[in-house]
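Student: I would like a close look at a single part of this model, taken slowly and set against the chain around it. Please treat one helix together with whatever packs on it, and then turn to the backbone and to contacts elsewhere.

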Amino acid sequence: MAVGKCEAVAVASTLGGSGDPTPTHGAPELRREAVRRRVAELGFVRVDQLARECGVSLMTMHRDLDELEGRGFLRKVRGGATSAPTRTFHGDLAHRMQAQAREKLELAAYALRREIVPGQVVALDDSTTSLALARLLPQVAPLTVVTHFLPVLRALADEPGVELIGLGGRFVPAYDSFLGQATAAAAADLQADVLVMSTTAVTDGVCYIQSQDTVITRRALIASSARTVALIDHTKFGRRALHRLVDLADVDRVIVDSGTGEQVVRDLRARSVAVDVAPAAT
């Protein structure tokens, strides 16, 4: 019997591409990991297609999608599942990593030049925009970096001149970060020179986030940092999210990318937001 796409993905992820295929209908966690990867790869997949590829019933696949949605890996929608962000779903991490990569690099490069100097304690949130900055930070070492985002810890783990402080607490796999009250308490015990953060959406000059645990953690980082800088690409101004995070007028500096509309910038400045437009990358 030919191995379906769902089974092939599961086998590759578990066996590294070697060994005999194992049907995923007999291994629920293996199958769910394959489904998660499949939805992340395609952005949207119909539930009947997933059931067919994995060789399970529609009822079983619905249960798998319910479980994955509960863990925050995807969002069930009519007829299937999506990895794209919605008003209440932050989006699969792989999806977020790929989105607006050029804009994130623009923002990160500008923030590095204007906001970061050797010797600082720099706090980074668990946004993929801050991750873009993290990858540039060794250029201005020595630095101390405080974060609760595992990809930042991995990116800087072997960099000389960068001291890392990881904020622990409850680990949330869908975000690849530590979130919630324990993480906020760890942040409150530290004092950073600057926090670099991002947001899911901006409405009427206010940052919004899908996850309440993310709000709790980021507010603690804001409170424990002498200065807060928000890096926001132009797509965030056309979105909506559920939980209020912070007014941009209360942030020390907002940096937007070169694709941000002039009217958006004028509106921010009319709201007393200190905003810079990062130049286009050359």
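**Helix 3 and its surroundings**

Tutor: Among contacts in the chain between residues at least 6 apart in sequence, 60% join residues at least 24 apart. The model is a predicted one, and its chain holds 11 helices and 15 strands; of the 282 residues, 51% count as buried.

The part I take up is helix 3, which spans residues 47-54 and whose buried residues are Val47, Leu50, Ala51, Glu53 and Cys54. These residues cover an arc of only 165° around the axis, which puts them on the same side of helix 3. A general feature of helical geometry is relevant here: an α-helix has 3.6 residues a turn, so residues three or four places apart point the same way. Just after helix 3, the backbone at glycine 55 takes a positive phi of about 70°.

Consider next the contact with helix 4, which runs over residues 58-70. The axes of helix 3 and helix 4 are 9 Å apart, and the two helices pack at an angle of about 110°; angles from 65 to 115 degrees count as roughly perpendicular, and helix 3 and helix 4 are therefore roughly perpendicular to each other. On the side of helix 3 the contact is made by Val47, Asp48, Leu50, Ala51 and Cys54, which meet Leu58, Met61, His62 and Leu65 in helix 4. Sorted by class, the contact of helix 3 with helix 4 has 7 nonpolar, 1 polar and 1 charged residues.

Helix 2, residues 28-42, also packs on helix 3: the axes of helix 2 and helix 3 come within 11 Å and cross at roughly 135°. Helix 2 and helix 3 are therefore oblique to each other, and their crossing is right-handed. From helix 2 the participants are Arg31, Val35, Arg38, Val39 and Leu42, and they meet Gln49, Leu50, Glu53 and Cys54 in helix 3. The residues of this contact of helix 2 with helix 3 divide into 5 nonpolar, 1 polar and 3 charged. Read together, the two contacts both involve Leu50 and Cys54 of helix 3, and Leu50 and Cys54 are also among the buried residues of helix 3.

A further contact with helix 3 comes from glycine 79, which lies in the loop between strand 2 (75-77) and strand 3 (80-82). Not counting residues up to four places away in sequence, glycine 79 touches Phe44, Val45, Arg46 and Val47, and Val47 is one of the buried residues of helix 3. Glycine 79 and phenylalanine 44 are 35 residues apart along the chain, and their C-alpha atoms are separated by 9.7 Å. With a relative accessible area of 27%, glycine 79 is itself partly exposed.

Beyond this part, several backbone details deserve attention. A cis peptide bond, with omega about 10°, joins alanine 141 and proline 142, and proline 142 is found in the loop between helix 7 (128-134) and strand 5 (143-147). Aspartate 176, although it is not a glycine, has a positive phi of about 55°; it is found in the loop between strand 7 (170-172) and strand 8 (177-179), and at 13% relative accessibility aspartate 176 counts as buried. Aspartate 204 is likewise not a glycine and has a positive phi of about 50°. Its place is the loop between strand 10 (201-203) and strand 11 (206-209), where aspartate 204 is exposed, with a relative accessible area of 56%.

Two buried residues elsewhere illustrate contacts across the sequence. Valine 202 belongs to strand 10 and counts as buried at 6% relative accessibility. Leaving aside its neighbours within four places in sequence, valine 202 is in contact with Cys207, Ile232, Lys236, Phe237, Arg239 and Leu248; the C-alpha atoms of valine 202 and leucine 248 are 8.7 Å apart in space, while the two residues are 46 residues apart in sequence. Threonine 129, placed in helix 7, is buried with a relative accessible area of 2%. With its neighbours within four places in sequence left aside, threonine 129 is in contact with Lys104, Leu107, Ser198, Leu231 and Lys236. Lys236 thus appears among the contacts of valine 202 and also among those of threonine 129.

Definitions and conventions: Residues are numbered from 1 along each chain as its sequence is written. This is a predicted model: local features need pLDDT of at least 70, side-chain atom pairs count only at pLDDT 80 or more; totals for chains, interfaces and linings use all residues. Side-chain values use heavy atoms; hydrogens and water are left out. Buried means under 20% relative accessible area, exposed over 50%, partly exposed in between (1.4 Å probe, protein chains only). Helices (H or I, at least four residues) and strands (E, at least two) are DSSP runs, numbered from the N terminus. The arc is that of the directions from the helix axis to the C-beta atoms. Axes are lines fitted to C-alpha atoms, for helices over the stretch in contact, and angles run from 0 to 180 degrees between N-to-C directions. Angles under 35 degrees count as roughly parallel, over 145 as roughly antiparallel, 65 to 115 as roughly perpendicular and the rest as oblique. Contact means heavy atoms within 4.5 Å. Ala, Val, Leu, Ile, Met, Phe, Trp, Tyr, Cys and Pro count as nonpolar, Asp, Glu, Lys and Arg as charged, and the others, Gly among them, as polar. A crossing is left-handed if the near helix is turned anticlockwise from the far one by less than a right angle, and right-handed if clockwise.
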